[in-house]
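Reader: I am in my first year of study and should like to look closely at a single part of this structure. Could you please take one helix, describe it carefully, and then place it in its surroundings?

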Amino acid sequence: MERRGQIKQFVLQNFLFSDNEAAIGDEDPLIRGGVVDSIGIHELIVFLERNFQISVSPEEMTPAIFDSIRSVDEFVTRKLAI
Amino acid sequence: MCGIAGFSGPGVMPDLARPVLERMIHTLAHRGPDGYGFHAEPGVGLAHARLSIIDLATGDQPIHNERQTVWTVFNGEIFNYVELREALEAAGHRFYTRSDTEVIVHLYDRYGDRFVDHLNGQFAIALWDRERQRLVLARDRTGIRPLFHARSAGRIWFASEVKALHAVLPETATLSPLGLVQALTYWSIPDPDTVYERVRSLPPGCLLSVERDGRENLTRFWDWTFPRAEETSPARVYRDVDQAAADLRELLVDAVRLQLRADVPVGAYLSGGLDSSGIVALIRGFTDTPVRTFSVAFEDDEFDESVHQAAMVRHLGTDHTTLRCGRRDIGEAFPRLLRHVETPILRTAPAPLMLLAESVHRHGYKVVLTGEGADEVFGGYDLFKEAKVRRFWARQPHSKVRPLLLGRLYGYLNNSPVSKSGFAQSFFGQGMEHLGRPIFAHVPRWSMSMRAMAMLSPELRACVGPWDPLSAYEQTLPADIMDWSPLARDQYVEAKSLLAGYLLSAQGDRVSMAHSVEGRYPYLDHRLIEFASRLPPSFKVRGMTEKYLLRRALAGLLPADILRRTKQPYRAPDSQSFFFDGKPLDYVADLMSADRIRSAGYFDPTAVGHLFEKCRHGGATSFADNQAFVGVLSTMLVHHECAKWCSVVRDQPAGPDRYAYR
């Protein structure tokens, strides 16, 4: 599965408990939309680190990065390009 | 302390009523193992299961007045019965027992329905007035003792627990969709609704009369009430905080002294926190009563407070028993817990307290004093502080510093990158648009528990229809609540939702009475509540120090570290209690299976499946996920009990109506 699809699956199954692809869009707000709470951010980071072999530093954890599925995907792309 | 049950209506015949009363009261045997009592006459049947605490020799119920025209069954304690009896005897009343129950019928003779105003206690009362052919049901001010009722075939049926109604009215064993979403959101269901379609709960501080013609009158004789905000400035109430602390201590001593009244030995719970330590210290410091203490310790450090408990035991020199509780104990006790609790719950925390009551019972104790209520009365919850910071922040919404105060509240955020950068604003900024509403403080809690809403089936959602939890709750609040101080509003909502609906019931009466143990709550003496309600908010939450005045009042009685300790919420392991090495307990696997979920109909099997897997892998670390899991599992257990009642009653040789009616 392509990376964005994997992130979306994780968000769907872990935060929305759904198989329905239409339940969230790539641009939908994760934090303001109440999809991900403060603990959820940690769950998401652990998922990204495990699945994509990246390491997220405290300075990189900003609301902007976790704004949507698209912004998370773009962040991983940047990390992998380094 | 006991269980009560009965019914009233035209055409009730005494000889036919007896077997129905027996069937009802036998379901409450755990509440009163020391014997049953019955009274039936045309129009009414009353039943009582007794746990003897006061007047062991002659205190059997039902109890009647001198002319035998007023009869009562009662669950609870009237702590000031000694003073009431003296006054009544001086006025010419003659008593035939030494029990606290007998003051009820005499007070009713003298004051009619206002008899409740004279009672200092925790009670659920059913009273029959033969001359006026009326039934009176009354419940204590804060909701310590339960009382449920239902209407069927022109009669009113009542009982301490819903199972006594299920035993004779199988149609009451049906869950209400609205009740379910309320339980999953608010942690409890606002009275008079319950999770059962046709069962109502008598609200705390209320009296319900059912007249000869069947007409019902509900009157509220007491409520938590607070002065207008401008009347609570320190200058208008107490200039001197030391004087306030001294007055509070005097009231506390008197409340404890009254609540120690019993003809059996009295124990106390010791959590290691300020509130329960304070109660035990007051007993040691101001009475001659020997006190035996009990506490729960957890295998898991995250929940364990035994270091603090041990410090208190050393300080007070009490004879102490610790019950060690593990995850598996909780998981295995959970089905039994739900049979007692009878309503969906979002946390497993009541389970260890049920096991603790079992230990108390085994040690030969029937009564325990607890520290419950202090957080509501004196402002102890993090929720109050969180709301205070969010209101403070709202006055300068662009401040980057103000929301960081919230980091001080939540320890786990301190070690987390989430507490830095802009995250605090992102998370705690949610719900700020509700600033001007009385439920402002509760929006974060209720939004979090709504994670469980994702579990609901489309059918159940359709049944409930559009439902806004915030406005729906506001409908239940006093009209003048916005004139009170913000803290007072938060205290009121907390006293009604979490305290009465959950802490005193699922985590209070139901778990202690599961093992015939009576909990007593000195902090909920109504004189203390009324005193505290008049205090300036700054005497409760001062800066970021909670229960400020209570700390002052207990100073000198407790070690400094207990006195200074920040409140640690009582919690137990939640979803981890049901999975071991990635395998669910057998009953959990069964009840959470897609087939069972689908046939029960409340939840969506796919959503529950994902949540189940997340919990099974140990990936559910947030409160929201854990609450959703415990909410679904507990609902399935309640559903399972309902199905059992329906089949038991169906299999009886004759339905209850054939016993009860002509």
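Author: The account below begins with one helix of chain B and then moves outward to its chain and to the partner chain.

The model is a predicted one, and the part chosen is helix α11 of chain B, which covers residues 350-362. A simple check on its geometry comes first. The helix has 13 residues, and at 1.5 Å a residue these should span 18 Å; the C-alpha atoms at its ends are 19 Å apart, which agrees with that expectation.

How much of α11(B) is buried? A residue counts as buried when its relative accessible area is under 20%. Ten of the 13 residues of α11(B) meet this condition, so the helix is largely enclosed by the rest of the structure. The buried residues begin with P350(B), A351(B), P352(B), L353(B) and M354(B), and they continue with L355(B), L356(B), A357(B), S359(B) and V360(B). When reading such a list, it is useful to recall that an α-helix has 3.6 residues a turn, so residues three or four places apart point the same way.

The backbone on either side of α11(B) also deserves attention. Most residues other than glycine have a negative phi, and most peptide bonds are trans. Just after the helix, G364(B) takes a positive phi of about 85°. On the other side, the loop between α10 (327-341) and α11 of chain B contains E342(B). This residue has a positive phi of about 65° although it is not a glycine. With a relative accessibility of 5%, E342(B) counts as buried.

A second helix provides a companion case. Helix α3 of chain B, residues 102-111, is mostly covered, with seven of its ten residues buried. These are E102(B), V103(B), I104(B), V105(B), H106(B), L107(B) and Y108(B). The elements that cover them include the strands β4 (63-64), β5 (70-78), β6 (121-129) and β7 (134-139), together with helix α2 (81-90), of chain B. Just after α3(B), G112(B) takes a positive phi of about 65°.

Other loops of chain B show further backbone details. S516(B), in the loop between α21 (505-513) and β17 (518-520), has a positive phi of about 55° and is not a glycine. Its relative accessibility is 6%, so S516(B) counts as buried. Two peptide bonds are cis: the bond from Q61(B) to P62(B) has an omega near 0°, and the bond from D191(B) to P192(B) has an omega near 5°. P62(B) is found in the loop between β3 (44-50) and β4 of chain B, while P192(B) lies in the loop between α5 (177-186) and β10 (200-201).

One more loop residue shows how sequence and space are related. F303(B) is found between β14 (292-298) and α9 (306-316) of chain B, and at 5% relative accessibility it counts as buried. Leaving aside residues up to four places away in sequence, F303(B) touches F298(B), Q568(B), R571(B), A572(B), P573(B) and Q576(B). By contrast, F303(B) and V70(B) are 233 residues apart in sequence and 50 Å apart in space, C-alpha to C-alpha.

These parts may now be set within the whole of chain B. Its secondary structure comes to 29 helices and 19 strands. The radius of gyration is 25 Å, close to the 26 Å that the globule rule gives for 662 residues, so chain B is as compact as a globular protein of that length. Its C-alpha trace spans about 75 × 65 × 50 Å along the principal axes, and 63% of its residues count as buried. Of the contacts in chain B between residues at least 6 apart in sequence, 73% join residues at least 24 apart. The chain has 78 positive and 79 negative side chains, and the centres of the two sets lie 3 Å apart.

Chain A completes the picture. It has three helices and zero strands, in the pattern α-α-α. Its radius of gyration is 12 Å, close to the 12 Å given by the globule rule for 82 residues, so chain A is as compact as a globular protein of that length. Buried residues make up 49% of chain A. Its side chains include 8 positive and 14 negative ones, and the centres of these two sets lie 4 Å apart.

Methods. Residues are numbered from 1 along each chain as its sequence is written. Chains are lettered from A and ligands numbered from 1 in the order in which they are written. This is a predicted model: local features need pLDDT of at least 70, side-chain atom pairs count only at pLDDT 80 or more; totals for chains, interfaces and linings use all residues. Side-chain values use heavy atoms; hydrogens and water are left out. Helices (H or I, at least four residues) and strands (E, at least two) are DSSP runs, numbered from the N terminus. The radius of gyration is taken over C-alpha atoms; the globule rule is 2.2 Å times the number of residues to the power 0.38. Buried means under 20% relative accessible area, exposed over 50%, partly exposed in between (1.4 Å probe, protein chains only). Contact means heavy atoms within 4.5 Å. Lys and Arg count as positive and Asp and Glu as negative; His and the chain ends are not counted. The place of a charge is taken as NZ of Lys, CZ of Arg, CG of Asp or CD of Glu. The expected span of a helix is 1.5 Å times one less than its number of residues.
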